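Open the model in your viewer and keep the selection panel at hand. The stops below give one selection at a time and say what is there.

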Amino acid sequence: MSSTTKEKPLAQEAKPRVVTSVGDRVFAGLTLGASLIILLALASVFIFLLVKGLPGFTKAADVYGPRASSFFGYVSPLLGGTLIAAVIALIIAVPLAWGIALVISHYAPRFIAVPVAYLVDLLAAVPSVVFGLWGVIVLAPQMVPVFEFLNTYLGFIPIFGGDDDVVSKSGRTILTAGVVLAIMILPIITAITREVFSRTPRLNQEAALALGATRWEMMRLTVFPYGRSGMVSATMLGLGRALGETMAVAMVLSLGGWNVNLLGPGNSSIAANIASKYKERSEDLLSVLIATGLVLFLLTFLVNFTARWIVGRSERKMASA
Amino acid sequence: MAKSIDVSDLNIYYGDFLAVQGVNMTIKARAVTAFIGPSGCGKSTFLRSLNRMHEVIPGARVEGKVVVDGQSLYGPSVDPVAVRRQIGMVFQRPNPFPTMSIYDNVLAGNKLNAKRMKRAEADAIVEKSLRSANLWNEVKDRLGKPGMGLSGGQQQRLCIARAIAVEPQVLLMDEPCSALDPISTSAIEDLIHELKTDYTIVIVTHNMQQAARVSDETGFFNLKATGEPGHLVEFNPTKKMFSNPDEPSTEAYISGRFG
């Protein structure tokens with residue numbers, strides 16, 4: 001009896017006393033607003049692509065120019081070029097980036113590691129136009145002897161094959177574009193993998209060393225398994241960047257049709273194609289270009305979701321432990 | 001298998017800082033040797049110098065001699081990796097490899113030796129090591145599960161199993177029970193008793209009762225003053241150490257009248 005009478009005022013007192021301060025509310029509002037703006041921006045980009053691009057899927061073939069007879073025939077070589085350039089970039093950049101990250105986090109003494117890390121980060125600050133210029137003027141001519149070498153000695157592989165005259169004389173091919181892209185995505189992959197490598201728990205590293213692991217065995221036993229999800233997500237972020245990069249690719253490539261051979265001219269990427277053609281200002285062509293943009297948007301979305309899923313899966317595996 | 005360790009005039013540095021000065025002792029084979037002393041007196045540092053784990057820290061180095069079975073650990077032609085394969089270590093906090101199963105954790109050291117093992121051979125090593133670590137009955141039905149899923153005490157015994165799977169000559173333990181509850185602690189202490197028939201065991205502990213319970217010989221480390229290097233004050237059989245120590249400062253520390 002007495003206990004019920006005691007409880008009642010307590011409950012009443014607890015109800016109105018919700019502690020809030022002005023600062024908390026302002027901060028909550030700001031963060032909520034910021035996240036909503038991101039959603040809004042993404043949604044509006046998507047809606048724009050959908051509304052303006054949908055008609056492009058069914059435009060008559062004469063809009064695209066001579067090379068394709070349907071939208072699919074138009075976009076698939078571009079999509080292929082986009083993917084090929086991105087894959088070349090990844091093949092070059094990923095091992096390099098992981099290596100640099102390891103050197104910075106585990107091998108180099110501090111007085112070397114810090115400036116190297118800084119320089120790599122600085123690479124991310126170079127505008128892509130500059131990379132494009134460098135690619136055309138400096139890198140492309142240097143690539144020609146490399147192409148000839150590949151053609152002579154690895155010509156049995158179709159992507160390097162063909163007669164001598166297939167090889168581009170200017171060096172402005174998808175392979176060169178891939179090399180430029182590799183340098184551009186190097187910083188982000190390096191920065192993220194460096195971060196996860198250096199967060200490997202000291203205890204685990206010491207456990208490996210105390211078992212008689214060499215430095216490399218210690219990495220294999222602790223650093224790589226621990227950093228795996230970070231390494232995957234870094235790669236995927238790099239891939240996303242390589243897929244969407246416009247200026248450098250547009251500048252390096254000389255426009256042309258689909259070409260399986262990486263050493264010859266031709267090939268283009270979706271982004272580069274849009275950048276070089278949208279000024280032609282024909283309404284029909286514009287909607288076709290936007291439609292290709294929609295395809296690219298969906299592709300990068302897919303890549304990012306796959307990356308999240310892979311990362312999430314390995315994290316879930318760790319968490320279930 | 002078990003070997004004794006002779007330490008003479010050992011100075012241990014972190015860069016220019018002298019952390020431990022002038023240690024001389026002989027650690028007996030097939031016995032448990034405990035190091036006690038206040039925090040920062042250098043007992044863990046000294047322990048880590050016994051399997052060259054000390055030099056993992058940049059700038060850390062050692063002067064003097066550590067001789068195991070006639071072989072100097074710090075000789076110019078000695079590879080620290082080889083030393084660590086002979087002298088195993090168990091750390092303050094359990095540190096099984098988080099991405100590996102219990103089974104793979106036990107075998108981690110053996111796999112480093114790069115020789116191919118038959119499945120049956122590997123199974124035998126895992127079972128023997130886990131039995132020696134008194135963990136077999138608890139985990140035999142879930143060897144494929146991650147090592148991190150075990151309790152703290154079980155994880156620490158898994159680490160001991162991992163360390164003895166490579167059959168080292170010496171087992172170093174750096175406060176192996178300080179992160180564990182009393183029941184796990186007592187399990188590990190029982191285990192230390194059993195292991196000393198096969199291994200030379202060196203243990204650092206903050207717990208003087210533990211040192212009295214598990215060890216045959218005890219070394220007391222202390223600092224002369226803050227900022228001064230740590231040194232070995234007294235090294236004697238545990239019974240004598242806890243009943244009738246030679247040094248008054250040892251008695252003061254053991255009886256709690258420290259400083």
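This is a predicted model. Begin in chain B with strand β9, residues 217–223. Within β9(B), select B:Thr218, the bridge partner of B:Ala34. B:Ala34 belongs to β3(B), and β3(B) and β9(B) run parallel, joined by four bridges.

**Stop 1: β3 of chain B**

Select residues 32–36 of chain B, which make up strand β3. Is this strand enclosed or not? Five of its five residues are buried, so β3(B) is largely enclosed by the rest of the structure. Colour the side chains by direction: B:Val32, B:Ala34 and B:Ile36 point one way, while B:Thr33 and B:Phe35 point the other way. Such a pattern is expected, because in a regular strand the side chains alternate between the two faces of the sheet.

**Stop 2: from β3 to β8**

Now add β8(B), residues 200–204. β3(B) pairs with β8(B) in the parallel sense, over four bridges. To find the register, select B:Thr33, which stands opposite B:Val202 in β8(B).

**Stop 3: β7 of chain B**

Extend the selection to residues 170–174 of chain B, strand β7. Here too five of the five residues are buried, so the strand is largely enclosed by the rest of the structure. B:Val170, B:Leu172 and B:Asp174 lie on one side of β7(B), with B:Leu171 and B:Met173 on the other, and both faces are covered. Note that B:Asp174 is among the buried residues.

β7(B) runs parallel to β8(B), with five bridges between them. What is the bridge partner of B:Val170 in β8(B)? The partner is B:Thr200. Next, show β6(B), residues 87–90. The pairing of β6(B) with β7(B) is parallel and has four bridges. B:Ile87 stands opposite B:Val170, so keep B:Val170 selected to see B:Ile87 and B:Thr200 as its counterparts in β6(B) and β8(B).

**Stop 4: chain B as a whole**

Zoom out and select all of chain B. The chain has 10 helices and 10 strands. Its C-alpha atoms fill a box of roughly 55 × 45 × 30 Å along the principal axes. The radius of gyration is 18 Å, which agrees with the value near 18 Å that a compact globule of 259 residues would have. Of these 259 residues, 46% count as buried. Among contacts in chain B with a separation of 6 or more, 68% are between residues 24 or more positions apart.

**Stop 5: α3 of chain B**

Select residues 102–112 of chain B, helix α3, which is mostly covered, with eight of its 11 residues buried. Those buried include B:Asn105, B:Gly109 and B:Asn110 as well as B:Ile102, B:Val106 and B:Leu107. What covers the buried residues of α3(B)? The cover includes α4 (119–132), α5 (136–139) and α6 (152–165) of chain B, together with α8 of chain A.

**Stop 6: the interface, from chain A**

Show both chains. In all, 17 residues of chain A are in contact with 21 residues of chain B. On the chain A side, the elements that give two or more residues are α7 (202–210) and α8 (215–244). α7(A) supplies the largest share, six residues. By class, this side of chain A has 11 nonpolar, four polar and two charged residues.

**Stop 7: α7 of chain A**

Select α7(A), where seven of nine residues are buried. They are A:Asn204, A:Gln205, A:Glu206, A:Ala207, A:Ala208, A:Leu209 and A:Ala210. These buried residues pack against α8 of chain A, and also against α2 (80–86) and β6 (87–90) of chain B. Step just past the helix to A:Gly212, which takes a positive phi of about 90°.

**Stop 8: α3 and α8 of chain A**

Finally, select residues 71–107 of chain A, helix α3, along with α8(A). Their axes come within 10 Å and cross at roughly 145°, and the crossing is right-handed. From α3(A) the contact takes residues including A:Ala89, A:Trp98 and A:His106, and from α8(A) residues including A:Met219, A:Met231 and A:Leu243. By class, the contact has 14 nonpolar, four polar and no charged residues.

Notes: Residues are numbered from 1 along each chain as its sequence is written. Chains are lettered from A and ligands numbered from 1 in the order in which they are written. This is a predicted model: local features need pLDDT of at least 70, side-chain atom pairs count only at pLDDT 80 or more; totals for chains, interfaces and linings use all residues. Two residues are in contact if their C-beta atoms, placed from the backbone, lie within 7 Å. Ala, Val, Leu, Ile, Met, Phe, Trp, Tyr, Cys and Pro count as nonpolar, Asp, Glu, Lys and Arg as charged, and the others, Gly among them, as polar. Axes are lines fitted to C-alpha atoms, for helices over the stretch in contact, and angles run from 0 to 180 degrees between N-to-C directions. A crossing is left-handed if the near helix is turned anticlockwise from the far one by less than a right angle, and right-handed if clockwise. A residue is buried if 20 or more other C-beta atoms lie within 10 Å of its own, exposed if 12 or fewer, and partly exposed in between; C-beta atoms are placed from the backbone. The radius of gyration is taken over C-alpha atoms; the globule rule is 2.2 Å times the number of residues to the power 0.38. Two strands pair if DSSP finds at least two bridges between them.
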